[in-house]
Structures are given as C-alpha cells and as structure tokens.
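Thanks for passing this one along. Here are my notes, in numbered points, to read beside the model.

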Amino acid sequence: MKGVAEQGPEAPGRASRTDRPDEHRVEVVERGSFSFAQCGCGWFAPGRRSRDKSRRDAAGHLAENGADSNVA
Ligand SMILES: [Zn+2]
C-alpha cells in the first residue's frame, strides 16, 4: 500500500514560469527606401523594399520564438 508520503516534489525543470520575459519586441525600421524588422533580442531581418514584408519578417521571428505577435 502506497502512502501519501510517496508524493515527491515536482520534477525539476518542469516548473511553470509565471513571469514572461519580454525580450522579443520587434519593430519595423525604415531606412531610406528600405525597411527592416529588428528585435530587442538582437535579431534583425534583411532590408526589404516593402514595409509589409518587414512586418511579415517580424511576425515570423515572433512565431519562431513562441512570442505573441506584438509587432510595434
Ligand atoms: Zn527576438
């Protein structure tokens, strides 16, 4: 018969973090006739002639990192 005392602590590495680091803040920057997306984590996309493409780059980066799409 197994007692209640057998319930050990939660497995390490599976702790649910409630604090969400807000590292990925992407914004689209325009430079001359080009625009590119850059992120607070240091990532940036190549220059695009279309601001819309830059926004897609930004959204893709956020998706890859599992962040919410909070493109500025
Ligand atoms: Zn990022």
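Does R55 count as buried, exposed or partly exposed, and why? I take that up in point 1, and then work outwards to the rest of the chain.

1. Please keep in mind throughout that this is a predicted model. R55 counts as partly exposed because it has 19 C-beta neighbours inside 10 Å, where 20 or more would make a residue buried. R55 lies in helix α1. Its C-alpha atom is 6.6 Å from that of V28, although 27 residues separate the two along the chain.

2. Next to R55, have a look at S54, which is also in helix α1. S54 has 26 C-beta neighbours inside 10 Å, so it counts as buried. V28 turns up here too: S54 and V28 are 26 residues apart in sequence, with 6.4 Å between their C-alpha atoms. Beyond its neighbours within four places in sequence, S54 is in contact with V28, S35, F36, A37, A45 and R48.

3. D52 offers the opposite case. D52 is placed in helix α1, which covers residues 51-64, yet D52 counts as exposed because there are just 11 C-beta neighbours inside 10 Å, and 12 or fewer is the cut-off for that class. The C-alpha atoms of D52 and S35 are 9.0 Å apart, and 17 residues separate the pair along the chain.

4. Now for the overall layout. The chain has 2 strands and 1 helix, and their order from the N terminus is β-β-α. Strand β1 (residues 26-31) and strand β2 (residues 34-39) run antiparallel and are joined by 6 bridges. Within this pairing, V29 has F36 in β2 as its bridge partner. The β1-β2 hairpin has 2 residues between its strands, and G32 there adopts a positive phi near 65°.

5. What makes up the largest nonpolar core? It consists of 5 residues: V26, A37, C39, A45 and A58. In soluble globular proteins, nonpolar side chains tend to be buried together. One of the core members, A45, is in contact with F36, A37, S54 and D57, leaving aside its neighbours within four places in sequence.

6. Two totals round off the note. Of the chain's 72 residues, 12% count as buried. Among the contacts between residues at least 6 apart in sequence, 23% join residues at least 24 apart.

Methods. Residues numbered from 1 in each chain as written. Predicted model: local features only at pLDDT ≥ 70, side-chain atom pairs only at ≥ 80, totals over all residues. Core = buried A, V, L, I, M, F, W, Y, C linked by C-beta atoms within 7 Å. Contact = placed C-beta atoms within 7 Å. Helix = DSSP H or I, 4+ residues; strand = E, 2+ residues; numbered from the N terminus. Pairing = 2+ DSSP bridges.
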